[in-house]
Structures are given as C-alpha cells and as structure tokens.
Amino acid sequence: MNAAVPDLRHKVAVVTGATGGMGRVIAADLARAGAHVVTVARDPSRADALRASLGSEAAHRLDVIPGDLSRRADVMRAARTIRDRHDQVHILVNNAGAHFSDHRVSADGVEMHIALDYLAAYGLTTLLEAPLRRGRARVVNVASDTLNDTRQIKIAGRPRPATLDLAGVDDLAALNPPAGFIPFEAYARAKLMTVTAGYALARDLATDGVSVNALHPGIVATDIIDDLVPPLLRPVRTLIRRGLLTPAEGARTATRLATDPGLAGVTGRYFIRDTESATPLVSHDAEAQRNLLALSRTHFAGS
C-alpha cells in the first residue's frame with residue numbers, strides 16, 4: 001500500500017476500471033487503508049481476482065456491481081445501486097477507459113471512446129451528485145495528455161491539441177463519426193471532453209465542498225498502451241513497455257488527489273503526474289462547457 005494514504009476507515013470510495021492496471025492498484029490501496037471500495041465490473045472472474053489480491057483483512061471491503069460502463073443503462077443502474085446502499089460517497093475515481101483501434105458504436109449508438117472514456121465518468125459524477133455532496137467528496141478523473149497533443153510520433157513540429165467543436169451538434173452520437181475516423185484523435189477528444197465537463201462540474205459542486213480534478217498519470221504500461229503504439233513501432237513494443245511507468249507508479253497521482261489532506265479544497269485542476277498543467281483553450285470555454293453538459297444531460301435523460 002502507498003504509505004501516503006491516510007486512514008480511510010468509515011469512507012466510501014467508488015473506483016471504476018478497478019479490475020486491472022492502475023485501477024486495481026488504486027482500489028487495493030484505498031481498501032487496505034480502510035475504505036469501503038465499490039467498483040463496477042463486466043468480468044466477474046477479474047473482480048474475484050481483485051478481491052483475492054486484497055487479502056483476508058481487506059477483501060470484505062470490496063463491493064462489486066456487475067455492469068458495462070459503456071452502456072447508459074448500466075451506468076444508471078450502478079449509480080442507483082450505490083445511492084441505495086450508501087448515503088455518502090467520499091471518493092470517486094473515474095479510471096475506466098479504453099482505446100479502440102477501429103470505429104465502434106455502443107449499445108446506445110454512441111462512438112465507444114465517447115461512451116466509455118467520457119460518458120461513464122460524467123454519468124457517475126452527476127448521478128451520484130447527492131451522496132458526493134453529502135460526503136464532501138473528491139472526484140478524480142483519469143485523463144490522458146493526448147488531449148494536448150494528438151500526434152502519435154512527436155519528433156518534430158508543434159503539438160496538435162484535440163478538438164471539440166459542438167456547433168450544430170444536437171446528439172453526442174454525432175461525435176467521432178466513421179468518416180475520417182482516426183482512433184488516437186477520437187480517444188484524445190473523449191479525454192478532452194472529460195476535462196472540459198469536469199471544470200464546469202467543479203464550479204457547481206464546490207458549493208458543498210466537493211472537488212473535481214483530472215490527471216494524466218504519465219505513460220503507464222497498461223493494455224491501452226499496446227493499442228496506442230503506432231504500427232511503425234510495434235516490433236519494439238516490448239522494449240517500449242520496459243521504459244514506461246508501472247501501474248503502481250501511475251496510480252500514485254490519482255490516489256494522492258483522492259486522499260492527500262494537503263490537497264483539500266483544490267479543485268478544477270489538471271495535473272500531469274504531480275505537476276499542475278494546462279489544457280486546450282476550448283476546455284475553458286464557457287459556451288463549450290454549457291453545450292457539452294447539455295448534450296450529456298440529454299443522453300442520460302433519453303433512456
């Protein structure tokens with residue numbers, strides 16, 4: 001367990017993407033510090049493996065809700081279950097995410113990067129608003145600095161930030177269309193959406209002491225990295241992974257933002273590991289934030 005994690009007994013923490021990679025480390029650190037950890041898992045066997053890894057002292061503090069966070073109905077069902085079981089939520093780590101190498105659409109007709117990498121985090125944050133406010137919670141969104149530069153090979157030239165043009169868009173299903181689809185840019189756009197909505201939600205939730213921050217954990221050797229490696233470099237993918245951060249190293253920033261007493265009251269920020277950093281101008285644009293929140297509310301209201 002990360003020695004910096006304080007005593008979390010009597011705290012409730014929701015961690016998505018907790019059955020592998022960084023999420024598994026985050027969930028384990030919080031549970032071993034005394035928190036009651038709730039996660040949503042598609043694969044029961046991976047959830048069982050997570051429970052077994054916690055050891056006898058902490059395993060009983062893990063609560064697994066079956067569900068696929070790319071599906072609107074499952075996000076809503078998971079949130080409803082959490083609300084029914086817990087009056088307060090003190091930590092929400094939106095860590096679930098994936099990179100898809102081809103164009104895929106969710107059960108709700110939304111491109112999969114938007115569905116899983118953005119809407120799952122937005123949905124849980126807003127649908128759990130009441131228990132988050134009562135718990136004066138810390139919400140931590142795991143993003144990616146691809147939002148600041150969508151070039152896969154950064155040898156020369158200027159950074160190419162992700163774009164988010166919502167003019168004339170009346171449905172999130174219109175974003176990341178099949179025509180001209182570039183997987184890396186679609187992934188970056190979804191992460192940009194998470195940060196953009198997070199800034200707006202941070203202002204609203206701050207009235208009850210809730211913080212909302214986002215982070216890029218560094219380049220971590222997880223399954224996503226295998227998909228992000230450009231075709232030209234795939235023959236040396238194993239060597240590349242050896243030079244990357246371990247999931248435990250990548251998890252430290254998320255755990256710190258969720259638990260460090262020294263960060264109490266810090267909200268509406270974006271960090272690259274432990275350094276506060278900037279995001280594209282569109283993420284701070286008030287109209288873009290309003291439009292994105294309106295489209296996102298409509299998505300969850302349409303079930």
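Is Thr 196 buried or exposed, and what is its relative accessible area? Thr 196 is buried, with a relative accessible area of 0%. The report below describes a predicted model, starting with the whole chain and returning to this residue later.

**Overall dimensions**

The protein contains ten helices and eight strands. Its radius of gyration is 18 Å, close to the 19 Å that the globule rule gives for 303 residues, so the protein is as compact as a globular protein of that length. The C-alpha trace spans about 50 × 45 × 35 Å along its principal axes. Buried residues make up 53% of the 303 residues. The exposed surface of the protein is about 13500 Å², and carbon and sulfur atoms supply 51% of that area. Among contacts between residues at least 6 apart in sequence, 77% join residues at least 24 apart.

**The sheet**

The eight strands form an open sheet with mixed pairing, in the order E3-E2-E1-E4-E5-E6-E7-E8. Strand E3 (62-66) and strand E8 (275-276) stand at the edges; each has a single partner strand, so one side of each is left without a neighbour in the sheet. Strands of a sheet pair through backbone hydrogen bonds, either parallel or antiparallel.

Three of the pairings can be followed strand by strand. E1 and E4 pair in the parallel sense over three bridges, and Ala 13 has Ile 91 of E4 as its bridge partner. E4 in turn pairs with E5, again in the parallel sense, over four bridges; here Leu 92 is matched with Val 139 of E5. Strand E5 (residues 138-142) and strand E6 (residues 211-216) also run parallel and are joined by five bridges. In that pairing, Asn 141 has Ala 214 of E6 as its bridge partner.

How do the side chains of strand E4 (residues 91-94) point, and are they buried or exposed? In a regular strand the side chains alternate between the two faces of the sheet. In E4, Ile 91 and Val 93 point one way, Leu 92 and Asn 94 point the other way, and all are buried.

**Helices on the sheet**

Helix H3 (residues 72-85) lies across strand E1 (12-15), strand E2 (36-41) and E3, and runs at about 145 degrees to E3. Helix H6 (residues 183-205) also packs on the sheet, where it touches E5, E6 and strand E7 (270-272). The direction of H6 makes about 155 degrees with that of E6.

**Four residues**

The residues in the table are taken from a helix and from loops.

| Residue | Place | Relative accessible area |
|---|---|---|
| Thr 196 | helix H6 | 0% |
| Thr 150 | loop between E5 and H6 | 5% |
| Val 169 | loop between E5 and H6 | 22% |
| Asp 68 | loop between E3 and H3 | 22% |

Thr 196 is placed in helix H6. A polar atom of the side chain of Thr 196 lies 2.8 Å from the backbone oxygen of Leu 192. Not counting residues up to four places away in sequence, Thr 196 touches Leu 164, Val 282, Ser 283, Gln 289 and Leu 292.

Thr 150 is in the loop between E5 and H6. Buried means under 20% relative accessible area, and Thr 150, at 5%, is therefore buried. With residues up to four places away in sequence left out, Thr 150 touches Arg 160, Pro 161, Ala 162, Phe 184, Glu 185 and Ala 188.

Val 169 lies in the loop between E5 and H6. Val 169 is partly exposed, with a relative accessible area of 22%. Which residues does Val 169 touch, not counting residues up to four places away in sequence? They are Ala 174, Leu 175 and Leu 295. Val 169 and Leu 295 are 126 residues apart in sequence, while their C-alpha atoms are 8.4 Å apart in space.

Asp 68 sits in the loop between E3 and H3 and is partly exposed, at 22% relative accessible area. The side chains of Asp 68 and Ser 70 are joined by a polar contact of 2.8 Å. Leaving aside residues up to four places away in sequence, Asp 68 touches Arg 42 and Asp 74. The C-alpha atoms of Asp 68 and Val 40 are 7.5 Å apart, with the two residues 28 apart in sequence.

Note on methods: Residues numbered from 1 in each chain as written. Predicted model: local features only at pLDDT ≥ 70, side-chain atom pairs only at ≥ 80, totals over all residues. Heavy atoms only, no water. Pairing = 2+ DSSP bridges. Helix = DSSP H or I, 4+ residues; strand = E, 2+ residues; numbered from the N terminus. Contact = heavy atoms within 4.5 Å. Axes fitted to C-alpha atoms, helices over the stretch in contact; angles between N-to-C directions. Buried < 20%, exposed > 50% of the residue type's maximum accessible area, 1.4 Å probe, protein only. Polar contact = N/O pair within 3.5 Å; in protein donor to acceptor, adjacent residues only side chain to side chain. Rg over C-alpha atoms; globule rule 2.2 N^0.38 Å. Areas by Shrake-Rupley, 256 points an atom, 1.4 Å probe, with all protein chains shown as cover.
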